[in-house]
Amino acid sequence: MIFGIDTYKERIAIIADDGTRMTYDELTERVAARAKELQRGVLQFCLCKNSIESIVEYLACLEAGAPVVLLDATKDSETIENLRKIYKPGETKCHPDLALCLTTSGSTGSPKLVRLTKRNILANAESIAEYLQIDENERPITMLPMYYSYGLSIINSHLLKGATILLTDKTYAQREFWNFLKENEATSMSGVPYTWELLRRLRFMRMYLPSVKTMTQAGGKLNAEIAKEYIQWAKSQGKRFIVMYGQTEATARMSYLPWEKAEEKYASIGVAIPGGEFSLAEDGELVYKGENVSMGYAECAEDLLKGDENHGILHTGDMARVDEDGFYYITGRKKRFVKIWGNRCNLDQIEQMVKPIITTCACAGVDDHITVFVTKDGLEKEIKDLLTAKTGLNPIAFAVKVIASIPVKDSGKIDYQLLQQWT
């Protein structure tokens, strides 16, 4: 059975926020029964919530060899219907190695999917379980949706080790989430940079959460000073704050920052996960090699018959540098550059410069003009003065716009495409 879930017997696999408890035996039984109803090699859609039903459907598809597309169940019916027309679930025959398709950005609006094999999934789950030292005593709480690769990797890596998943769709903005976490003694929490920035504002580091021992961050670059603050606080509390780096195209994770080096290398994404390998291309783009690299993309039903186009190598689209100890640092997205009067400017770096003034900020831009979006009035002069001093550019290169909140996608990542429209 996938992830060896049939070996954990009477251990509790899932505790749902409605009070339902399911053992590994019960989970195995339900997965096996559903798998018998599925046709090998024929595409399925799974409209996901963080629910037992969604986990059973996902595992049954993997067990039956029926490739599955995980989608957000809360999306409007028009979007889902459009994807049905393109991919024809229940009819489309797929490549024999195809096991899972995920959307590329946490949004189900685009028809572009990442094509993953069972080996991709297992290799990544095994690596994550190894470097996070996951065992059967862990109790992760679901803070991310399971149709998002980071959220799914938490489920995969913990099922692999017979841990107990605390399953909820509630968010950290709801009291019910914290009650569920405390009552069931969650041992780990996971979030994207925006999650940890908001939790910091909610004074997370003052909360009394003795059961929580590990916090993980991926899904983008967390401001280095905020990462350092979390790392030092976690160290003082006997906890761990693990910085990681990944992409859906590599199933989930490609690197982690070893805890013993976290305080020293707090601005780094760390080193490649077990079984993975990093290198830098001539232009400084980060290249990853590993068994978790996807087969490629799909944009139509015919693409689901394609084989492995990546051959274990992923050009990440991120620019990076490596230090003398072999630790990697992301310097920005290859596509997040604009030219200001001939000077090449990295929008991600500009954003990081502004974070010490206000963490709820984001940058978008076109050539010769950068817009800094913030959620508080009265900061325009301070931001412009800072950016002028740090970049040497004329203040007219920058605009500061106040908005009610920074727009984010379902995954919690900032929606830069929408911000680009507002520049």
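Here are some notes on two sheets, one lysine and the empty spaces in this model, which is a predicted one.

1. Let's start with the three-stranded sheet. It is open, the strands run in the order E20-E21-E22, and the pairing is mixed. Strand E20 (361-366) and strand E22 (398-402) sit at the edges with a single partner strand each, so one side of each has no neighbour in the sheet. On average, neighbouring strands here are turned by 25 degrees against each other, direction ignored.

2. Within that sheet, have a look at strand E21 (residues 369-374). E21 pairs with E22 in the parallel sense, over five bridges. If you want a spot to click on, Val372 stands opposite Val400 in E22.

3. Two helices lie across these strands. Helix H9 (residues 347-354) lies across E20, E21 and E22, and runs at about 145 degrees to E20. Helix H10 (residues 380-391) lies across E21 and E22, at about 150 degrees to E22.

4. On to the four-stranded sheet. This one is also open, with the order E13-E14-E16-E17 and antiparallel pairing. Its edge strands are E13 (277-280) and E17 (328-333), each of which pairs on one side only. The twist from one strand to the next averages 50 degrees.

5. In the same sheet, strand E14 (residues 285-289) meets strand E16 (residues 313-322) in an antiparallel pairing of four bridges. Here the pair to look for is Tyr288, which stands opposite Leu314 in E16.

6. Now a single residue: Lys213, which is found in the loop between helix H7 (193-201) and strand E9 (214-217). Is Lys213 buried, exposed or partly exposed? Its relative accessibility is 42%, so it counts as partly exposed. Leaving out the neighbours within four places in sequence, Lys213 is in contact with Thr187, Gly238, Lys239 and Arg240. Val408 is another matter: it is 195 residues from Lys213 along the chain, and the two C-alpha atoms are separated by 28 Å.

7. Next, the second largest pocket, with a volume of about 500 Å³. It is lined by 25 residues, and those closest to its centre are Met143, Leu144, Pro145, Thr171 and Asp410. Sorted by class, the lining holds eleven nonpolar, eight polar and six charged residues.

8. What about enclosed space? Rolling a probe the size of a water molecule over the atoms shows where empty space is left. How many cavities of 30 Å³ or more does the structure hold? There are two.

9. The largest cavity holds about 100 Å³ of space. Of its 13 lining residues, Leu132, Ile134, His158, Ser188 and Thr216 are the closest to the centre. Helix H5 (149-159), strand E8 (188-191) and E9 are the elements that give two or more residues to this lining. H5 has the largest share, with three residues. The lining divides into four nonpolar, six polar and three charged residues.

10. The second largest cavity has about 50 Å³ of space. Ten names make a long list, but here it is: Ile121, Asn124, Ala125, Ile128, Ser149, Leu152, Ser153, Asn156, Thr251 and Ala252 line it. Two elements, helix H4 (118-131) and H5, give two or more residues each to this lining. By class there are five nonpolar and five polar residues, and no charged ones.

Methods
Residues are numbered from 1 along each chain as its sequence is written. This is a predicted model: local features need pLDDT of at least 70, side-chain atom pairs count only at pLDDT 80 or more; totals for chains, interfaces and linings use all residues. Side-chain values use heavy atoms; hydrogens and water are left out. Two strands pair if DSSP finds at least two bridges between them. Axes are lines fitted to C-alpha atoms, for helices over the stretch in contact, and angles run from 0 to 180 degrees between N-to-C directions. Contact means heavy atoms within 4.5 Å. Buried means under 20% relative accessible area, exposed over 50%, partly exposed in between (1.4 Å probe, protein chains only). On a 1 Å grid over the protein atoms alone, a cavity is a set of points where a 1.4 Å probe fits but cannot get out, and a pocket is an open set with protein on both sides within 12 Å along at least five of seven lines; lining residues have an atom within 4 Å of a point. Grid points are joined across faces, edges and corners, and a volume is the space filled by probe spheres set on the points. Ala, Val, Leu, Ile, Met, Phe, Trp, Tyr, Cys and Pro count as nonpolar, Asp, Glu, Lys and Arg as charged, and the others, Gly among them, as polar.
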